[in-house]
Amino acid sequence: MWLEPIIKDCIPSTNSYIKENSLPYGSVVIAKRQTQGRGRRGNSWVSDVEGNIYISVVYKPNVTPEKIPLMSFAAGMAVRNTLEHFGISGSLKWPNDVVAESKKICGIMSELWNGFCITGIGINLKKVNIPYATSAEELGFTLDADAVIEMLLKNLEFEFLHTEDLIERYIPHCVTLGKEILIDGISRATATGIAPDGALITTIGTVSCGDVSVRGIYGYI
Ligand code: BTN
């Protein structure tokens, strides 16, 4: 399914590289560092830490906009399962942050582009100086980036090909469910479920992926 990865020392962003070079379905771009790493909702992604993983993949033609959040859910599951393989117990903070010991170890961003889905994944193997972030290193694990990427690509392939029961498999790993949350820093609610399209069901209504920030009321999750 995946083409031979394109590996770059330093580029602005692996997601942008795919678009600028019109890379085909199955492409994988990996950077050792990024100068303009992008995150969800217009945020930037700290990308100057060598040894961390910055990777983007292009998945399947004819992806419709409503499927994009589910591609990120699938990637979140793939990262969670990859970290577990290396001994790190991770969970998913809705919609698709991978967290370990209540801190963010991985961020995922999917974009629709020419009918394809570009999914960008950043995994902190090394320490990043952000209060709510953690890394494999801080959790006591020295992981080889190449080995992690190899397992991640296998797991991504599995998840992208098995989306029919994705939500059912996602739910047991989602730490947001049952928590009191703050939506966009203002509205308090309790997260009660996940809708088939990936939206978060709460006591005050349903929240679509991508629309809002969701934090725990006492901390990041
Ligand atoms: C987030 O949590 O806000 C998503 C972060 C996604 C970061 C990755 S790193 C590889 C890819 N290239 C980018 O510019 N962003 C994604």
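**View 1. Polar contacts of the ligand with R40, Q34 and K104 in the predicted model.** A polar backbone atom of R40 lies 2.7 Å from an oxygen atom of the ligand. The side chain of K104 also faces a ligand oxygen atom, with an N or O atom 2.6 Å away from that oxygen. At Q34, a side-chain N or O atom is placed 2.9 Å from a nitrogen atom of the ligand. The protein buries 98% of the 410 Å² that the ligand exposes when taken alone.

**View 2. The ligand in the largest pocket.** Around the ligand there are 20 residues, of which S13, Q34, R38, R40 and K104 come nearest. Two or more residues of this shell are given by each of helix 1 (14-20), strand 3 (53-59), strand 6 (103-113) and strand 7 (116-123). Strand 6 provides the largest share, with four residues.

**View 3. An open sheet of five strands.** The strands follow the order 11-10-9-8-12 and pair in antiparallel fashion. Strand 11 (205-207) and strand 12 (214-216) form the edges; each has a single partner strand, so one side of each has no neighbour in the sheet. On average, neighbouring strands of this sheet are turned by 45 degrees against each other, direction ignored.

**View 4. The pairing of strand 10 with strand 11.** Strand 10 (residues 200-202) runs antiparallel to strand 11, and three bridges join the two. T202 has G205, in strand 11, as its bridge partner. In general, strands of a sheet pair through backbone hydrogen bonds, in either a parallel or an antiparallel manner.

Notes. Residues numbered from 1 in each chain as written. Predicted model: local features only at pLDDT ≥ 70, side-chain atom pairs only at ≥ 80, totals over all residues. Heavy atoms only, no water. Pairing = 2+ DSSP bridges. Axes fitted to C-alpha atoms, helices over the stretch in contact; angles between N-to-C directions. Near = heavy atom within 4 Å. Polar contact = N/O pair within 3.5 Å; in protein donor to acceptor, adjacent residues only side chain to side chain. Areas by Shrake-Rupley, 256 points an atom, 1.4 Å probe, with all protein chains shown as cover. 1 Å grid on protein atoms, 1.4 Å probe; cavity = no way out; pocket = protein on both sides within 12 Å on 5 of 7 lines; lining within 4 Å. Sits in = over half its atoms within 2 Å of the grid points.
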